[in-house]
Amino acid sequence: MSTTGATADPLATLGSLPGVANSVESVRKAVDRVYGHRIMRRRSTAVTSEAALRGARGSAALSGADWALEEVRRRSDFSGDDEARVVGAALRLTAEAGQLLSIWRQSPLRVLARLHLVAAATKGDEVGRPRQAGEPVDEPLIELALPDSAEVHGRLDGLSGLIIAGSSAPALVTAAVVHGEILALRPFTSHNGLVARAAERIVLISSGLDPKSICPAEVGHAEPGRAAYLSALEGYVSGTPEGMAAWIAHCGNAVVLGARESTAVCEALQRGAA
């Protein structure tokens, strides 16, 4: 997404694309439905915890570690191999996202750097900052053209400016753009997918759309499969109105599916089965 142009609020412009209003309304209804469940009055903390676990599992699956939920729940050591490290990174990011809400609107780039630091969990010089010229990117599941470091820095600054300035756009639109822009740019040398989905989570929570973080969009991104996810991302990268609208709709459907997942958790808690 180009963050420069004639309009003062490009995010709001995206919100007016054909079909986006329907996605926004579907998301609002799905979120309201799960928040209105009777179990939320008594056990919202349990629902939030379960949503976090399922969201981390979904995000890890999209980054190549498609583990069963019970395996994620059972394991305590995530250092054994590449897949285990991916799952561990997803779990850490999910936990960290809730600690960064107050910083996001004032310093989104600081938050993104922190997310990468948490995901990478190493002390390399390349960790916790956007990549520099000539540095490779380890993101093998995303095969789109890689912008150079100058474009990365410019577009990150533009995205940061949009977040800090605020927008009248629906939270879904902002979340979709943040998610899509990070995946398109792959600004870090690794873990960009995990960071992008954690950043989307932060937007959905901090905007007030999902303040208790009980609608794990990561579940909804993973459920249709990686091919559908990458196809929708290609629409975002194309920059066309149709492609952007399709990506926003994909992100909206992910939130709806995440809300459905937590509704099932509520039902199970109500039956005493979870």
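# Note on an all-helix listing: residues, packing and overall form of one chain

1. Ala121 has a relative accessibility of 52%, so it counts as exposed, the cut-off for that class being over 50%. The model discussed here is predicted. Ala121 sits in the loop that runs between α7 (108-120) and α8 (149-165). Its phi is positive, about 55 degrees, although Ala121 is not a glycine. As background, most residues other than glycine have a negative phi.

2. Ser213 is a further residue to check for its backbone. Its phi is near 55 degrees, which is a positive value in a residue other than glycine. Ser213 belongs to the loop between α10 (192-206) and α11 (217-222). Is Ser213 buried or exposed? At 12% relative accessibility it counts as buried, because buried means under 20%. The loop residue Ala121, in contrast, counts as exposed.

3. Now the chain as a whole. The protein chain contains 13 helices and zero strands. Read along the sequence, the pattern is α-α-α-α-α-α-α-α-α-α-α-α-α. The radius of gyration is 18 Å, close to the 19 Å that the globule rule gives for 274 residues, so the chain is as compact as a globular protein of that length. The C-alpha trace spans about 55 × 45 × 35 Å along its principal axes.

4. Two percentages describe the interior and the contacts of the protein chain. Of its 274 residues, 51% are buried. Among contacts with a separation of 6 or more, 72% are accounted for by residues 24 or more positions apart.

5. Three helix pairs are described next. In general, two packed helices are described by the angle between their axes and the distance between the axes. How do α2 and α13 lie, and at what angle do their axes cross? The axes of helix α2 (residues 20-35) and helix α13 (residues 241-271) come within 9 Å and cross at roughly 10 degrees. Angles under 35 degrees count as roughly parallel, and α2 and α13 are therefore roughly parallel to each other. Their crossing is left-handed. On the α2 side the contact is made by Val20, Ser23, Ser26, Val27, Ala30, Val31 and Val34. On the α13 side it is made by Ala245, Ile248, Ala249, Gly252, Val255, Val256, Ala259, Ser262, Thr263 and Cys266. By class, this contact of α2 with α13 has twelve nonpolar, five polar and no charged residues.

6. Helix α13 also meets α12. The axes of helix α12 (residues 226-238) and α13 come within 6 Å, crossing at roughly 140 degrees. The two helices α12 and α13 are therefore oblique to each other. This crossing is left-handed. From α12 the contact takes in Ala228, Tyr229, Ala232, Leu233, Gly235, Tyr236 and Ser238, and from α13 it takes in Gly243, Met244, Trp247 and His250. Sorted by class, there are seven nonpolar, four polar and no charged residues in the contact of α12 with α13.

7. The remaining pair is α8 with α9. The axes of α8 and helix α9 (residues 171-185) come within 11 Å and cross at roughly 170 degrees. An angle over 145 counts as roughly antiparallel, and α8 and α9 are therefore roughly antiparallel to each other. Val152, Arg155, Leu156, Leu159 and Ile163 of α8 meet Thr174, Val177, Val178, Glu181, Ala184 and Leu185 of α9. The residues of this contact divide into eight nonpolar, one polar and two charged.

8. Val24 is placed in helix α2. Its relative accessibility is 23%, so Val24 counts as partly exposed. Which residues does Val24 touch, not counting those up to four places away in sequence? They are Pro170 and Leu172. Val24 and His37 are 13 residues apart along the chain, and their C-alpha atoms are separated by 20 Å.

9. Leu146 is in the loop between α7 and α8, where Ala121 is also found. With a relative accessible area of 41%, Leu146 is partly exposed. Leaving aside neighbours within four places in sequence, Leu146 is in contact with Arg131, Val137, Leu185 and Arg186. Leu185 belongs to the α9 side of the contact with α8. Leu146 and Asp32 are 114 residues apart in sequence, and from C-alpha to C-alpha they are 38 Å apart in space.

Key:
Residues are numbered from 1 along each chain as its sequence is written. This is a predicted model: local features need pLDDT of at least 70, side-chain atom pairs count only at pLDDT 80 or more; totals for chains, interfaces and linings use all residues. Side-chain values use heavy atoms; hydrogens and water are left out. Axes are lines fitted to C-alpha atoms, for helices over the stretch in contact, and angles run from 0 to 180 degrees between N-to-C directions. Helices (H or I, at least four residues) and strands (E, at least two) are DSSP runs, numbered from the N terminus. Angles under 35 degrees count as roughly parallel, over 145 as roughly antiparallel, 65 to 115 as roughly perpendicular and the rest as oblique. A crossing is left-handed if the near helix is turned anticlockwise from the far one by less than a right angle, and right-handed if clockwise. Contact means heavy atoms within 4.5 Å. Ala, Val, Leu, Ile, Met, Phe, Trp, Tyr, Cys and Pro count as nonpolar, Asp, Glu, Lys and Arg as charged, and the others, Gly among them, as polar. The radius of gyration is taken over C-alpha atoms; the globule rule is 2.2 Å times the number of residues to the power 0.38. Buried means under 20% relative accessible area, exposed over 50%, partly exposed in between (1.4 Å probe, protein chains only).
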